[in-house]
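Colleague: Please take a close look at one part of this model for me, its interior. I would like a connected account, with each cut-off stated where the term comes up.

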Amino acid sequence: MEKALLNVEGMSCGHCVKAVEGSVGKLDGVERVLVDLKEKTVAVEYKNDSVTLDKIKETIEDQGYDIV
């Protein structure tokens with residue numbers, strides 16, 4: 001199991017949380033997603049044999065947010 005903490009710009013409300021947690025959470029191999037609006041972070045636990053960190057980042061960016 002891998003863990004990553006991503007800095008994400010553009011998240012500001014409950015809809016943002018649902019969009020990111022919902023889309024990333026649907027990826028095969030993602031075990032946990034936690035958005036922290038105050039800190040502007042997304043914590044992810046995932047199985048790296050099922051999904052890559054690049055795919056997770058791409059999924060967040062597809063929702064309209066920027067990884068910094």
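Modeller: The account below begins with the core and then follows the elements and residues around it. This is a predicted model, in which local features need pLDDT of at least 70 and side-chain atom pairs count only at pLDDT 80 or more, whereas totals for chains, interfaces and linings use all residues. Residues are numbered from 1 along each chain as its sequence is written, and side-chain values use heavy atoms, with hydrogens and water left out.

The largest nonpolar core holds 20 residues, and those touching the most other members are Val 24, Val 30, Val 42, Ile 56 and Ile 60. Such a core is a set of buried Ala, Val, Leu, Ile, Met, Phe, Trp, Tyr and Cys residues joined through side-chain atoms within 4.5 Å; buried means under 20% relative accessible area, exposed over 50% and partly exposed in between, with a 1.4 Å probe and protein chains only. Two or more residues each come from strand E1 (2-9), helix H1 (14-25), strand E2 (30-36), strand E3 (41-46) and helix H2 (53-62), and H1 contributes the most, with 5 residues. These elements are DSSP runs numbered from the N terminus, helices being H or I with at least four residues and strands being E with at least two.

The strands make an open sheet of 4, ordered E2-E3-E1-E4 with antiparallel pairing, where two strands pair if DSSP finds at least two bridges between them. E2 and strand E4 (66-67) are the edge strands, each pairing on one side only. E2 is joined to E3 by 6 bridges, and in this pair Leu 34 has Ala 43 of E3 as its bridge partner. The two strands form a hairpin with 4 residues between them, and Lys 40 in the turn has a positive phi of about 60 degrees. E3 also pairs with E1 over 6 bridges in the antiparallel sense, with Glu 2 opposite Tyr 46 of E3. On the other pairing, 2 bridges link E1 to E4, again antiparallel, and Glu 9 has Asp 66 of E4 as its partner.

H2 packs on this sheet and touches E1, E2, E3 and E4, with its direction at about 30 degrees to that of E1. H1 lies across E2 and E3 and runs at about 165 degrees to E2. Both angles refer to N-to-C directions, on a range from 0 to 180 degrees, of lines fitted to C-alpha atoms, for helices over the stretch in contact.

Which residues meet Val 24 from beyond four places in sequence? They are Val 30, Val 33, Val 44, Ile 56, Thr 59 and Ile 60, with contact meaning heavy atoms within 4.5 Å. Thr 59, in helix H2, counts as buried because its relative accessibility is 9%. Beyond four places in sequence, Thr 59 touches Ser 23, Val 24 and Leu 27, while its side chain reaches the backbone oxygen of Lys 55 at 2.8 Å. That pair can be read against the polar-contact rule, namely N or O atoms within 3.5 Å where, within protein, one must be able to donate a hydrogen and the other to accept it, and residues adjacent in sequence count only if both atoms are side-chain atoms.

The loops on either side of H2 can be set against each other. Val 51 sits in the loop between E3 and H2 and, at 6% relative accessibility, is buried. Setting aside neighbours within four places, Val 51 contacts Leu 27, Asp 28, Gly 29, Val 30, Tyr 46 and Ile 56; its C-alpha is 7.3 Å from that of Val 30, although the two are 21 residues apart in sequence. Gln 63, in the loop between H2 and E4, is partly exposed at 35% relative accessibility, and its contacts beyond four places are Ala 19 and Ser 23.

Finally, the whole structure contains 0 disulfides, the criterion being a pair of cysteine sulfur atoms within 2.5 Å. Cys 13 is in no disulfide, and its nearest cysteine sulfur, that of Cys 16, is 3.5 Å away. Cys 13 counts as partly exposed because its relative accessibility is 31%, whereas Cys 16, at 6%, counts as buried.
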